[in-house]
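Student: I should like to learn how to read the main features of a protein model. May we look at one together?
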Amino acid sequence: HAPPNAPRYRTLDMPGILAFLSGLPDLAARLGGTRAQWTIREVSDGNLNNVFVVDGPRGGVCVKQSLPHVRVDPSWKMPLDRTFFEASYLRDIHPLVPGLTTRCLHFDPDLFVLVVESLAGHAVYRTALMSGVDWPRVVPDIATFVARATFGTSVLSEPFERVFDRHAVYARNQTLQRITLDLVLDDPYHDHPRNHWDDVRLDDVVGRIRTSPAVRRAVDALRLRFLTCPQALLHGDLHTGSIMATATDTRVIDGEFAIYGPIGFDCGMFVGNLVLRRFADFSPDAGRRCVAEIARFWDTFVAEFTRLWAAAHPTPSATSGPCAFFVPDADGASPGRTAFVRAVFDDMVGYCAMEIIRRIIGYAHTADFDVIPTHDARTERRRAALSFACGLLDAHGTQGDVEAAFGALVRE
Ligand code: SR1
Ligand code: MG
């Protein structure tokens with residue numbers, strides 16, 4: 001049934017997807033051959049949408065369609081506009097990170113269908129990590145992605161008028177912003193029917209998270225920053241399931257949660273998922289490797305972000321650049337830049353902790369712990385991850401570097 005504000009909408013089945021593509025000459029040419037030669041398979045993996053991969057003799061495409069409800073819960077009704085925001089996000093950031101995401105090939109505003117390049121041979125990074133791969137390119141690639149996509153959509157690189165116009169577009173992405181506000185930043189910190197965990201042995205650590213005054217202060221501040229600190233265009237859901245990779249190629253997908261917000265939110269969600277993986281990994285050097293990965297992420301992010309900043313504001317002139325008050329001092333550093341990057345670090349640490357917590361006690365859990373063979377061991381590792389996240393929030397704002405914030409992972 002078509003929602004009242006989208007009269008031409010219908011959910012496409014597989015023959016419907018093939019018919020849709022055959023009516024688009026550019027996409028049909030990309031696939032090659034005739035419609036009878038195309039193959040289609042459903043690859044829906046996330047919580048929200050239908051996703052299909054279509055292959056033809058010449059190439060393949062990935063087709064994503066919004067549903068009028070959450071895919072994994074049809075009783076949870078939802079507007080269709082999320083693929084519009086994902087298409088907009090890809091069009092805005094692809095020029096900034098061309099090799100690190102996919103190109104938007106087509107968006108249909110009646111059917112809310114988005115078509116992107118297909119990533120043949122790539123694996124969902126979370127699944128790859130669970131199978132034990134070690135792909136050293138992914139972490140620095142994601143750091144580079146975040147640095148370039150956020151810097152390039154901020155007032156640090158563009159006139160504020162253009163940034164504010166774009167911000168106004170994504171400010172309409174309220175359905176998914178509400179999901180993040182509720183599911184990531186709010187529900188886990190009080191009783192809510194969407195929360196769930198399957199072992200009462202987690203109750204005490206959940207109680208600790210909810211009653212610690214320092215944790216409550218940090219959570220309140222981070223929730224407020226999410227809504228009041230529109231530093232740059234964020235991916236908004238940058239967990240390891242939003243990354244497709246091979247050993248040598250990394251692509252960020254699924255930008256439907258795109259919004260303006262604090263840059264450390266994207267950093268923290270990614271790092272939080274690395275930490276979740278660490279707690280599910282029993283290999284003896286898992287902690288050391290995780291701390292090294294987080295350090296590599298942060299160092300690469302800072303190097304790229306400050307390189308872009310210095311290149312955009314090369315001289316200490318009061319009138320140059322889109323945002324002249326961010327010029328460096330004569331020695332090339334900048335007190336403003338140092339403070340900005342430090343705030344991104346604090347946000348990264350805080351949102352990392354909130355991502356860990358919501359993935360264990362909130363609505364949307366991740367598969368990371370499923371590889372652990374026994375229920376007792378799964379509970380013990382979840383408990384350890386929650387305690388670690390609680391510690392991050394307890395000390396929030398006092399950890400000056402990766403070692404101070406995450407060093408305990410070596411011992412966990
Ligand atoms: C109802 S949506 C639940 C979660 O799935 C998405 O991938 C986001 O992470 C969201 O929080
Ligand atoms: Mg997703």
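Tutor: Certainly. Please bear in mind that this is a predicted model. The protein contains 14 helices and twelve strands.

Student: What is the radius of gyration of the protein, and what does the globule rule give for 412 residues?

Tutor: The radius of gyration is 22 Å, close to the 22 Å from the globule rule for 412 residues, so the protein is as compact as a globular protein of that length. Along the principal axes, its C-alpha atoms fill a box of roughly 60 × 60 × 40 Å.

Student: How many of the residues count as buried?

Tutor: Of the 412 residues, 55% count as buried. The accessible surface comes to about 17,000 Å², and carbon and sulfur atoms hold 56% of that surface.

Student: What share of the contacts with a separation of 6 or more joins residues 24 or more positions apart?

Tutor: Such residues account for 71% of those contacts.

Student: How many positive and negative side chains are there, and how far apart do the centres of the two sets lie?

Tutor: There are 43 positive and 49 negative side chains, with the centres of the two sets 2 Å apart.

Student: Let us turn to a single residue. Is Asn50 buried or exposed?

Tutor: Buried means under 20% relative accessible area. Asn50 has 12% relative accessibility, and therefore counts as buried. Asn50 lies in strand 2, which covers residues 50–55.

Student: Which residues is Asn50 in contact with, leaving aside neighbours within four places in sequence?

Tutor: Asn50 is in contact with Thr11, Glu42, Ser44, Val63, Lys64, Gln65, Leu67 and Arg71.

Notes:
Residues numbered from 1 in each chain as written. Chains lettered and ligands numbered in written order. Predicted model: local features only at pLDDT ≥ 70, side-chain atom pairs only at ≥ 80, totals over all residues. Heavy atoms only, no water. Helix = DSSP H or I, 4+ residues; strand = E, 2+ residues; numbered from the N terminus. Rg over C-alpha atoms; globule rule 2.2 N^0.38 Å. Buried < 20%, exposed > 50% of the residue type's maximum accessible area, 1.4 Å probe, protein only. Contact = heavy atoms within 4.5 Å. Areas by Shrake-Rupley, 256 points an atom, 1.4 Å probe, with all protein chains shown as cover. Lys, Arg positive; Asp, Glu negative; His and termini not counted. Charge placed at Lys NZ, Arg CZ, Asp CG, Glu CD.
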